[in-house]
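Please look at the sequence and the model shown here, and then follow the questions and answers about them.

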Amino acid sequence: MSYFSTRGNVCVTASQAILAGIASDGGLYVPAMYPLFSVRDLTDMIGMSYEERAIRVLNAYLEDYKPKDVAESVRAAYGGGHFNDPAIAPMKKLADNVYALELFHGPTLAFKDMALQLLPHLMRKAAKMNGEDREIAILVATSGDTGKAALEGFRNVEGTSCTVFYPSDGVSDIQRLQMTTTDGNNTHVIAVEGNFDDAQTGVKNLFGSESFVQRMHAEGRVLSSANSINFGRLVPQIIYYFSAYADLLATGAITPGDSINFVVPTGNFGDILAGYYARNMGLPVNKLICASNRNDVLTDFFASGTYDVRRMFYKTMSPSMDILVSSNLERLLFDSADRDGSLVSVWMKQLKESGSYCVGDQRREWLASMFAAGCADDRATSEEIRDVFQHTGYLMDPHTAVASRVLRDYMGRTGDERTAVIVSTASPYKFAPDVVAAIQGREAVRNLDAFACSDILQSLSGIPVPDQVARLREMPVIHRDVCARDEKSMAEAVFRAFAG
Ligand SMILES: *Cc1c(COP(=O)(O)O)cnc(C)c1O
């Protein structure tokens, strides 16, 4: 199968799309078509392990990979004991018709692991297939979760290196420690004096800087991306939508062909886009519900058909969703434009130049046939964490709680009571102070650090503090470099890191 750019006619293979990350015209790679799965294919998945389900989905997309290479990559990602639940993506029942799909059992306790445990293996095979023998140098800008997940995925993977920029005052204490304590012979972590947008803009500029790219080449390195614009991040995320459906079939909660809803806490629109891909492949999904925090640009977009970033940016307790420009929406827009890359280019140009674009009523209606949307601010999110805990004993992290609250509103508004799955993206232990404060009040966490709050969560929930958090108390900080937010300083920091 070929892959096209959303902005034009670049056409490559799956392995080339994964190796490049982004298309040369600035667009994102999308598959030429959606492989179809029948109801029989879905019922076949009931008896399969997560690894086997993964192989079925990946083989449908990664046509130029040998099935043996796909199987090896899947085994390395999901079979190597890196996840602390044998189901990899277990489902928890919260109410008669509501389930949580837990995607936070990987090494970094956030859903980014689902893709970033696999991507390095797919990338290495892609390099081999395309005769690329330079080092694949991954550059990442992170608002917290992607950075650590990329570091864990690429750590000690031969032929690669991973350099992460994070905003010096934009991540939680646990997130910072997770990154700065990373060992391995190919990992670099650099704090940028600025916010996430500064880090992200800086990294984008490095990718576009001829002198930087030339110097990397001269050192035998080629740049690539592990951010969710890479198709290799998207395709592993399709798997768990199928897996959730198969698990519901297995318990008899639904019967083959029943349609269900998914609600997804959304930032860059990568996670929910994978759900849309699954729906196009024949998975019986009624609505994909896009949940935002106070940064509600997507809620407005689905309601009005106008995407408008000219608004305040808020820092919230769900930082991985604090984002105004959702990169992966471009892939959905491409389909809404009947795959007309020139129309997508026009919208993206309008967004860049005037801060907004409008897709028109007909396309808005088409989107509304598949997507619903809603938002919850920090107050509603805290209430949701507390209410769910008091009624069910289940602890949610703030991102998951945004989704849970938006689902509740959606059900009340529409009366749509069919089976719904909350895509649960982070462990509550990653955001322990906010979760404890939601349940016991702000006073209860005054002067407590993240570790003390984790201990409180353990006594509330009976779920032990994950090793990944407990360990951080003792681990030495290895990465201390800080740089200014201009491109030159960031470039120098990269070469300083490479020089060791
Ligand atoms: C990244 C992230 C999200 C948002 O996912 P997108 O694919 O960017 O929409 C939500 N929750 C958590 C915990 C995350 O790390």
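Q: Which space is the largest cavity?
A: This is a predicted model in which local features need pLDDT of at least 70 and side-chain atom pairs count only at pLDDT 80 or more, while totals for chains, interfaces and linings use all residues. Residues are numbered from 1 along each chain as its sequence is written, and side-chain values use heavy atoms, with hydrogens and water left out. A cavity is a set of points, on a 1 Å grid over the protein atoms alone, where a 1.4 Å probe fits but cannot get out. The largest cavity is the space taken by the ligand.

Q: How do the residues of the shell around the ligand divide into nonpolar, polar and charged?
A: The ligand is surrounded by 15 residues (each with a heavy atom within 4 Å of it), and Asp145 and Thr425 are among the closest. With Asp, Glu, Lys and Arg counted as charged, Ala, Val, Leu, Ile, Met, Phe, Trp, Tyr, Cys and Pro as nonpolar, and the others, Gly among them, as polar, the shell holds five nonpolar, seven polar and three charged residues.

Q: At what distance from an oxygen atom of the ligand does a polar side-chain atom of Lys112 lie?
A: Lys112 is listed among the closest residues to the ligand. Its polar side-chain atom lies from an oxygen atom of the ligand at a distance of 2.6 Å.

Q: Is Asp41 buried or exposed?
A: Asp41 is found in helix α2, which spans residues 39–44. Its relative accessible area is 19%, and buried means under 20% with a 1.4 Å probe and protein chains only, so Asp41 is buried.

How values were computed:
Polar contact = N/O pair within 3.5 Å; in protein donor to acceptor, adjacent residues only side chain to side chain. 1 Å grid on protein atoms, 1.4 Å probe; cavity = no way out; pocket = protein on both sides within 12 Å on 5 of 7 lines; lining within 4 Å. Sits in = over half its atoms within 2 Å of the grid points. Helix = DSSP H or I, 4+ residues; strand = E, 2+ residues; numbered from the N terminus. Buried < 20%, exposed > 50% of the residue type's maximum accessible area, 1.4 Å probe, protein only.
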